[in-house]
Amino acid sequence: MKYLCLIYSDETHWANIPQTEYDSVLGEFFAFTKQIRDQGKYIAGENLQPTRTATTVRVRNGRISATDGPFAETKEQLGGFYLIDTPDLGDAIQVASRIPSARYGCIEVRPVVDFS
Amino acid sequence: MTLDPVEHTFRAESRRVLATLIRLLGDFDLAEEALQEAFAAAVERWPSEGLPANPRAWLVSTGRFKAIDSLRRRARFDASLGRVAEQLGEAVTPAPEVEDDDVEDDRLRLIFTCCHPALTPDAQIALTLREVCGLTTEEIARAFLSPTPTLAQRIVRAKAKIKAARIPYQVPARPDLPERLASVLHVVYLVFNEGYSASSGSSLTRHDLSSEAIRLGRLLVELLPEPEAMGLLALMLLHESRREARTAVDGELVLLDEQDRSTWNREQIAEGVGLVDRAMRSRQFGPYTIQAAIAALHAQAPTAADTDWSEIVGLYDVLLRADPTPVVELNRAAAIAMRDGPEVGLRLIDELLARGELEEYQLAHSARAELCRRVGQTGEAIKSYRRALMLTRQEPQKRFIERRLKELSGGLTPA
């Protein structure tokens with residue numbers, strides 16, 4: 001079963017921490033990614049640029065509108081994701097809990113629709 | 001009077017059979033349908049063929065067979081169901097042996113799944129009462145004073161989430177057990193409180209919730225004898241033992257120190273005290289056990305004045321370390337007031353209220369009012385009772401505070 005783990009945290013936190021701390025968290029992310037890859041649970045994962053780089057696109061009456069910023073202004077922003085493959089939600093929660101930034105922000109775990 | 005054997009078996013076994021069918025079929029709705037079909041077959045066949053040697057195993061395998069059969073029939077319209085039916089048929093052919101251990105594990109799996117933290121607390125409660133206790137949706141709705149469609153939708157959504165997110169049908173592994181058990185115990189205690197705090201008009205149906213919670217507590221202690229499960233069962237029994245005494249004939253609330261202790265249920269007290277002892281001896285107890293130990297001291301005191309307040313304050317100190325919340329601090333302050341006098345307690349409660357967290361908590365203002373009354377600060381007592389009255393929604397509580405207010409302002413009026 002595939003689950004998308006959406007990683008939310010306060011992006012100003014990352015902008016304001018010292019470089020050494022940032023590097024150490026990044027190292028934790030690399031180690032985590034390697035671990036779930038080795039366990040065969042990793043499908044994909046990316047780190048996103050901050051929300052100030054986001055553009056929201058809509059089509060209304062056939063016309064495209066593109067506006068600056070994320071779809072929703074929230075205290076914690078979507079900063080990255082992992083797409084994982086685990087037997088059930090119990091296991092998915094275990095994996096999500098090991099994502100390093102779960103300690104600061106939160107991880108939304110969403111089952112993926114299976115069309116097969 | 002003898003109960004019809006099918007009905008007798010249904011009462012005794014339906015929840016067990018359901019729990020096992022959910023595991024075998026991997027689907028709540030399919031399992032419920034299968035359960036109904038299995039009992040329908042029993043009604044038809046047992047009277048003529050006689051009771052099977054193992055009715056439980058008979059019901060499980062009949063239910064499983066009926067479910068696969070029904071999926072195959074429906075597969076004519078929906079090919080994907082055919083695949084499911086084949087998988088189920090293959091995975092468990094020949095019919096699985098139904099061992100008693102498996103069945104007990106299935107009951108625990110069902111409880112832990114219904115109380116999974118990925119479901120909202122409301123959904124956990126509704127699903128547990130429906131699936132584990134076997135209450136009908138109408139019964140649950142009546143007990144929670146909610147419209148039946150709301151409750152029905154809550155249950156449907158919870159089951160849909162279990163399926164869509166694939167919440168595992170498992171007893172959690174040891175490292176996760178304390179936290180997951182805490183979530184189960186919380187659900188049981190919410191059900192109990194819903195029944196216990198109820199009064200007046202609907203008290204009959206809501207009383208059933210307390211009995212249902214105690215039944216669930218017993219089941220948990222039987223299946224998983226963890227100290228906190230015992231502690232919770234003890235706490236519920238000790239509260240329940242005072243049910244009669246806490247309501248006067250006219251439906252009014254009677255406080256602990258004014259209750260007629262001869263009406264307390266001695267059997268429940270004895271059972272509760274025994275469970276507290278067992279849980280305490282494990283040295284791995286938590287907040288429920290400590291609260292039960294406090295309730296046990298109250299239950300064993302021959303009169304309110306004979307209560308061992310020093311011991312109770314000591315237990316509140318322990319509880320405060322395990323569960324550091326302002327509500328526990330408030331209860332501790334009330335116990336200190338009993339041990340060291342109302343002035344001391346009042347000072348603590350004033351400090352607590354000054355911190356603001358309990359500003360909206362009715363019992364904090366009632367407790368302050370009561371202590372002010374005892375030290376003769378009538379004006380302050382009236383002020384606090386009025387604040388408490390604004391915050392309370394339960395009718396008997398309201399009437400109690402109104403009665404106190406009348407007594408106090410009566411004292412102020414010149415004769």
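**Helices, strands and charge pairs**

Biologist: In which helix of chain B is Arg368(B) found?

Modeller: This is a predicted model: local features need pLDDT of at least 70, side-chain atom pairs count only at pLDDT 80 or more, totals for chains, interfaces and linings use all residues, and side-chain values use heavy atoms, with hydrogens and water left out. Residues are numbered from 1 along each chain as its sequence is written, while chains are lettered from A and ligands numbered from 1 in the order in which they are written. Helices (H or I, at least four residues) and strands (E, at least two) are DSSP runs, numbered from the N terminus. Arg368(B) belongs to helix α17.

Biologist: Is Arg368(B) buried or exposed?

Modeller: Buried means under 20% relative accessible area, exposed means over 50%, and partly exposed is in between (1.4 Å probe, protein chains only). Arg368(B) has a relative accessible area of 11%. Arg368(B) is therefore buried.

Biologist: With which residues is Arg368(B) in contact, leaving aside its neighbours within four places in sequence?

Modeller: Contact means heavy atoms within 4.5 Å. With those neighbours set aside, the partners of Arg368(B) are Leu346(B), Ile349(B), Asp350(B), Leu353(B), Glu380(B) and Ser384(B).

Biologist: Which residue in helix α17 of chain B is about one helical turn from Arg373(B)?

Modeller: Arg373(B) meets its partner in a salt bridge of 2.8 Å, N to O. A salt bridge is a side-chain nitrogen of Lys or Arg within 4 Å of a carboxyl oxygen of Asp or Glu. The two are 3 residues apart in α17, residues 362-374. The partner is Glu370(B).

Biologist: Which residues do salt bridges with shared partners join into one network with Arg373(B)?

Modeller: Arg373(B) is partly exposed at 31% relative accessibility. Glu370(B) is buried at 11%. The network that holds Arg373(B) also takes in Glu258(B), Glu370(B), Arg374(B), Arg404(B) and Glu407(B).

Biologist: How many salt bridges are there over all chains?

Modeller: The same kind of pairing recurs within helix α10 (residues 203-223) of chain B, where Arg215(B) and Glu212(B) are 3 residues apart, about one helical turn. Their closest N and O atoms are 3.1 Å apart. Glu212(B) is buried, at 9% relative accessible area. Over all chains, the count is 35.

Biologist: How many residues apart in sequence are the parts tied together by Asp29(B) and Lys159(B)?

Modeller: Asp29(B) and Lys159(B) form a salt bridge, with 3.1 Å between the closest N and O atoms. Asp29(B) is in helix α2 (residues 28-49) and Lys159(B) in helix α8 (residues 148-164), so the pair ties together parts separated in sequence by 130 residues.

Biologist: Which of that pair, Asp29(B) or Lys159(B), counts as buried?

Modeller: Asp29(B) has 41% relative accessibility and counts as partly exposed. At 12%, the buried one is Lys159(B).

Biologist: How many positive and negative side chains does chain B have?

Modeller: Lys and Arg count as positive and Asp and Glu as negative; His and the chain ends are not counted. Each charge is placed at NZ of Lys, CZ of Arg, CG of Asp or CD of Glu. The centres of the two sets lie 3 Å apart. The tally is 53 positive and 62 negative.

Biologist: How many helices are there in chain B?

Modeller: The C-alpha atoms of chain B fill a box of roughly 85 × 50 × 45 Å along the principal axes. Of its 415 residues, 50% count as buried. Chain B has 0 strands. Its helices number 19.

Biologist: Which residue of β5(A) stands opposite Ile7(A)?

Modeller: Two strands pair if DSSP finds at least two bridges between them. In chain A, β1 (residues 2-9) and β5 (residues 77-85) pair antiparallel over 8 bridges. Opposite Ile7(A) stands Gly80(A).

Biologist: Which residue in β6(A) is the bridge partner of Tyr3(A)?

Modeller: β1(A) runs antiparallel to β6 (residues 106-111) of chain A, with 6 bridges joining them. Tyr3(A) is partnered there by Pro111(A).

Biologist: What is the phi of Asn61(A)?

Modeller: Most residues other than glycine have a negative phi. Asn61(A) has a positive one, and lies in the loop between β3 (55-60) and β4 (63-68) of chain A. Asn61(A) is exposed, at 80% relative accessible area. Its phi is near 50°.

Biologist: What is the phi of Arg283(B)?

Modeller: Arg283(B) is found in the loop between α12 (266-281) and α13 (287-300) of chain B. Arg283(B) is exposed, at 72% relative accessible area. Although Arg283(B) is not a glycine, its phi is positive, at about 60°.
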